Amino acid sequence: MGRCYPHLSFQDRIKIAKWRDGKMSVPEIADRLGRAPSTIYRELKRNFFSDKELPELNGYYAMNAQGMYEKRRAIHRKLIMHPEVKVAVMDRLKAGWSPPQIAGRMRLERHPIRVSHETIYRFAYSKDGRDEQFYRHLPEHRRRRRPRGYRRHNRAHIFDSQSLSNRPEHIAERVEFGHWECDLMMFRKEHGKVNVTSLVERVTRYTVVMRNEDRQSRPIMEALIQGLAPLPADARQSITFDRGTEFSAWKHLKAGIGADAWFCDPQAPYQKGTVENTNNRLRKYLPRSTEPTALTNRYLRSICHRLNSTPRKCLGYHTPAEVFETKLLEIQNRLE
């Protein structure tokens, strides 16, 4: 295993400046910091402040040394060395892509100059990135990187259902196309009963979003039937729901398009994690404060297009639309 040579920190530079003012020798400074004497000599040479007009001010100052160090480091950052790459990254962020999606797509397309997701994050939170408010274009719009928060669980119940524990393993393992997850996205009560159905195919992560006027189960199932009916039967084999009462008319779904219905355990909507994750993505475009008048079919289709044309890490940085179309083509070839 190779040795690690961490860079001097600002605190290290404060100590060096203090000890040099006290006439401490370089070998002793190196010994106290646990560094090689050559490291200290190089630091004093590189970051020595020199003023020809006021030579009495010449010397080693911690704040000045840190600034010179950061300036040298910034020059070598890819997003500074290659402005065209930074512009391309910014355009993708504005389009709703995450840093891992951007980096993964660059690798997939074999860009001659590409960056990692960590490079994008580090630039966003660097001094230069903060000056440009780069973080505002990240998915979470946060000034600092934080751990993800907890997810709330509803306590809706449903009876006479097919338990998720009985769902075949090949569905759980995502080895067969045509199995979906479904959920409702609600908005503030003052906006009425209008809500949105989010529907996601488990293998391809292809997303469909539909408007509902209320939470009555029968109309919701009829909308699902209408939305999935144009697909071949192998592309709409089953749908997994939580135990909300809005999905209690699942037998109507079975009669309409022949799709099986599976239900999460009580108080465990996280078992349909694909659609839960998709809802988090959709909230960027459909916050709880959304006015019902804004939920036009055209607007919802534009949101779906954006999500389905965004590369996903779990798909090898292909887009859901690309993988979904490939799966449909495979079904068509089998039927011919």
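1. Let's start with one definition: a residue counts as buried when its relative accessible area is under 20%. With that cut-off, Tyr317 is buried, because its relative accessibility is 9%. Please keep in mind throughout that you are looking at a predicted model.

2. Stay with Tyr317 for a moment. This residue sits in the loop between helix H14 (297-308) and H15. Its phi is near 70°, a positive value in a residue other than glycine. Why is that worth a remark? Most residues other than glycine have a negative phi.

3. Gln267 is a good residue to look at next. Its phi is near 60°, again a positive value in a residue that is not glycine. You will find Gln267 in the loop between E5 and helix H13 (273-282). Is Gln267 buried or partly exposed? Gln267 is partly exposed, as its relative accessible area is 44%.

4. Now turn to the start of the chain, where helix H2 (residues 26-33) meets helix H3 (residues 37-46). Their axes come within 8 Å and cross at roughly 115°. That angle makes H2 roughly perpendicular to H3, and the crossing is right-handed. On the H2 side the contact is made by Val26, Pro27, Ile29, Ala30 and Leu33, and on the H3 side by Pro37, Ile40, Tyr41 and Leu44. Sorted by class, this contact has 9 nonpolar residues, with no polar and no charged ones.

5. H3 has a contact with helix H1 (residues 10-21) too. Here the axes come within 12 Å and cross at roughly 85°, so H1 and H3 are roughly perpendicular to each other. H1 contributes Arg13, Ile16 and Arg20, while H3 contributes Ile40, Glu43 and Leu44. By class, the contact of H1 with H3 holds 3 nonpolar, no polar and 3 charged residues. Try finding Ile40 and Leu44 of H3 on your screen: they take part in the contact with H2 and in the contact with H1.

6. Helix H6 (residues 83-94) and helix H7 (residues 99-108) make another pair. How do their axes cross? They come within 10 Å of each other and cross at roughly 125°. That makes H6 oblique to H7, and H6 passes H7 in a right-handed crossing. Val85, Val89, Arg92 and Leu93 in H6 meet Pro99, Ile102 and Met106 in H7. In this contact 6 residues are nonpolar, none is polar and 1 is charged.

7. Next, the nonpolar cores. As background, nonpolar side chains tend to be buried together in soluble globular proteins. The largest nonpolar core in this model has 26 residues, of which Leu224, Ile239, Phe241, Phe247 and Leu253 touch the most other members. Strand E1 (179-185), helix H11 (217-228), strand E4 (238-241), helix H12 (250-257), strand E5 (260-263) and helix H15 (320-335) each give two or more residues to this core. Which element gives the most? H11 does, with 6 residues. Apart from this core lies another of 17 residues, among them Leu79, Leu93, Val115 and Tyr125.

8. Strand E4 is also home to Thr240. Thr240 is buried, with a relative accessible area of 0%. Leaving out residues up to four places away in sequence, Thr240 touches Leu164, Arg167, Trp180, Glu181, Cys182, Trp262, Cys264 and Lys272.

9. Gly129, in helix H9 (residues 127-131), is buried as well, at 0% relative accessibility. Not counting residues up to four places away in sequence, Gly129 touches Phe123, Ala124 and Phe134. The C-alpha atoms of Gly129 and Gly256 are 53 Å apart, and 127 residues separate the two along the chain.

10. Finally, have a look at Arg188, in the loop between E1 and strand E2 (195-201). With a relative accessible area of 44%, Arg188 is partly exposed. Beyond residues up to four places away in sequence, Arg188 touches Arg288 and Ser289. Arg188 and Asn297 are 109 residues apart along the chain, and their C-alpha atoms are separated by 20 Å.

Methods: Residues numbered from 1 in each chain as written. Predicted model: local features only at pLDDT ≥ 70, side-chain atom pairs only at ≥ 80, totals over all residues. Heavy atoms only, no water. Axes fitted to C-alpha atoms, helices over the stretch in contact; angles between N-to-C directions. Helix = DSSP H or I, 4+ residues; strand = E, 2+ residues; numbered from the N terminus. Parallel < 35°, antiparallel > 145°, perpendicular 65-115°, else oblique. Left-handed = near helix turned anticlockwise from the far one by under 90°. Contact = heavy atoms within 4.5 Å. Nonpolar A, V, L, I, M, F, W, Y, C, P; charged D, E, K, R; others polar. Core = buried A, V, L, I, M, F, W, Y, C linked by side-chain atoms within 4.5 Å. Buried < 20%, exposed > 50% of the residue type's maximum accessible area, 1.4 Å probe, protein only.
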